[in-house]
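Here is a briefing on one protein chain. Please look over the sequence and the structure before reading on.

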Amino acid sequence: MLITLLLFLASAVTIYLACEYFVNGIEWTGHHFKLSQSATGSLLAALGTALPECIVTLTALLMGNSVAQQEIGIGAALGGPLVLATIGYAAVGLTLLLCMGRTERAIDGEVQREIGRDQRWFIGIFLVATALGLVAFSGKSWLAPLFVLVYLVYVRRELKQSDSHEVELPEPLKLAPDAGIPPLGKVLLQTLGALVVVALAAQLFVHQLESMGELFGLSPVLAALLLSPVATEMPELMNVLIWVRQGKTRLALANISGAMMIQGTIPKAFCLLFTPWLLSGAMLASAIVTVLAMVLLWWGFRRGAMTAGRLALIGLLYLCFCGWLLVM
């Protein structure tokens, strides 16, 4: 138990430190490719930090030889969006409340509209995926490419959007602190190196969390819905803490919304290909909580009324869901 706890803490610290290098590198990568802050957060950063959860889902589905193992894969695919929609956005709100002054906590109206559009996209995709999980019919696996296509359309939309608010360079590259504009080779070396460390530390974090789940007597489905997603979403949560503390709320929110778009499409495509994609009661409940959180977020962002305090309160939905699961 002590070794598990020490490895758990060591992996969490490693993820945080590696994410500092990753977010620094990913900002310079976006600068070199002339991407907006929103596109950098929602595409580059989200794609990098979403790899651990996609790997966990795909591994569970491909290596699983039982119904329980398939349920772990499906639970991981559903748990990721649930954690991001609740804990992810709550982390932004809490960090703003704890680290920023009253005037610095306000979220720009244009940023709110951009994130609101992403919520609308995700809600539509996630509702379709949930509806497919309620019915059984032949040929369901043929719908998997449609989810990949939707994500590609989203990528194209993000690349076409402009951002007139980027007026300053990122902080100096950690591998080349004295360079005004570091060469792309060093930027990619730092970014990809940090990403490899994040992925390896995230896998270690997942294994320790699963071991803790076994020690506490949690079933595989509960571990898939509650523990594994929290572990695999650690890179996004660390990015949020780093970017919000640096005053880059736009990047933090774009990272979460972009990661949710990946989670709403790619893992669902895996599930449609390799499982019957039928949701149990607990899985359906997680989907309902996710949609509820996203509708509340969309309503707040669309009206430009989302504040740090309201973002923080979204996290209560996850706590209520956890309590319900443990009681049931």
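The points below cover confidence, membrane annotation, helices, unusual backbone angles, salt bridges and surface.

This is a predicted model, in which local features need pLDDT of at least 70 and side-chain atom pairs count only at pLDDT 80 or more, while totals for chains, interfaces and linings use all residues. Residues are numbered from 1 along each chain as its sequence is written, and side-chain values use heavy atoms, with hydrogens and water left out.

**Confidence**
- The chain averages a pLDDT of 83; pLDDT is the predictor's confidence in each residue, from 0 to 100.
- 88% of the residues score at least 70.
- Helix α8 (residues 220–232) has the lowest mean pLDDT among the elements, at 68.
- Helix α11 (residues 281–302) has the highest, at 92.
- Where pLDDT is low, the predicted coordinates should not be read in detail.

**Membrane annotation**
- An unreviewed UniProt entry places the feature "transmembrane region" at several spans, including residues 6–23 and 277–299.
- UniProt positions are given in the numbering used here, feature names are shortened, and annotations may be inferred rather than shown by experiment.
- Residues 6–23 are 100% helix and 0% strand, with end C-alpha atoms 26 Å apart.
- Residues 277–299 are 83% helix and 0% strand, and their end C-alpha atoms lie 29 Å apart.

**Helices**
- Helices (H or I, at least four residues) and strands (E, at least two) are DSSP runs, numbered from the N terminus.
- Helix α1 (residues 2–32) has 31 residues and should span 45 Å at 1.5 Å a residue; its end C-alpha atoms are 45 Å apart, which agrees.
- The expected span is 1.5 Å times one less than the number of residues.
- α11 has 22 residues and reaches 31 Å from its first C-alpha to its last, close to the expected 32 Å.
- Several α11 residues are buried, among them Met283, Val289, Met294 and Phe301.
- Buried means under 20% relative accessible area, exposed over 50%, and partly exposed in between (1.4 Å probe, protein chains only).
- Gly48 lies in helix α2 (residues 37–49) and is buried at 8% relative accessible area.
- The C-alpha atoms of Gly48 and Thr191 are separated by 9.3 Å, although the two are 143 residues apart along the chain.

**Positive phi angles**
- Lys34, just after α1, takes a positive phi of about 55 degrees.
- Lys34 sits in the loop between α1 and α2 and counts as exposed because its relative accessibility is 74%.
- Trp277 also has a positive phi of about 55 degrees, although it is not a glycine.
- Trp277 lies in the loop between α10 (249–274) and α11 and is buried, with a relative accessible area of 1%.
- Gly304, just after α11, has a positive phi of about 70 degrees.

**Salt bridges**
- The structure holds 4 salt bridges; each is a side-chain nitrogen of Lys or Arg within 4 Å of a carboxyl oxygen of Asp or Glu.
- Glu27 pairs with Lys248, with closest N and O atoms 2.7 Å apart.
- This pair links helix α1 to the loop between α9 (234–245) and α10, 221 residues apart.
- Both Glu27 and Lys248 are buried.
- Arg157 bridges to Asp118 at 2.6 Å between the closest N and O atoms.
- That pair joins helix α6 to helix α5 (residues 109–132).
- Arg157 also forms a salt bridge with Glu158, at 2.5 Å.
- Asp118, Arg157 and Glu158 are thus linked in a salt-bridge network.

**Surface**
- Leu152, in helix α6 (residues 144–160), counts as exposed at 52% relative accessibility.
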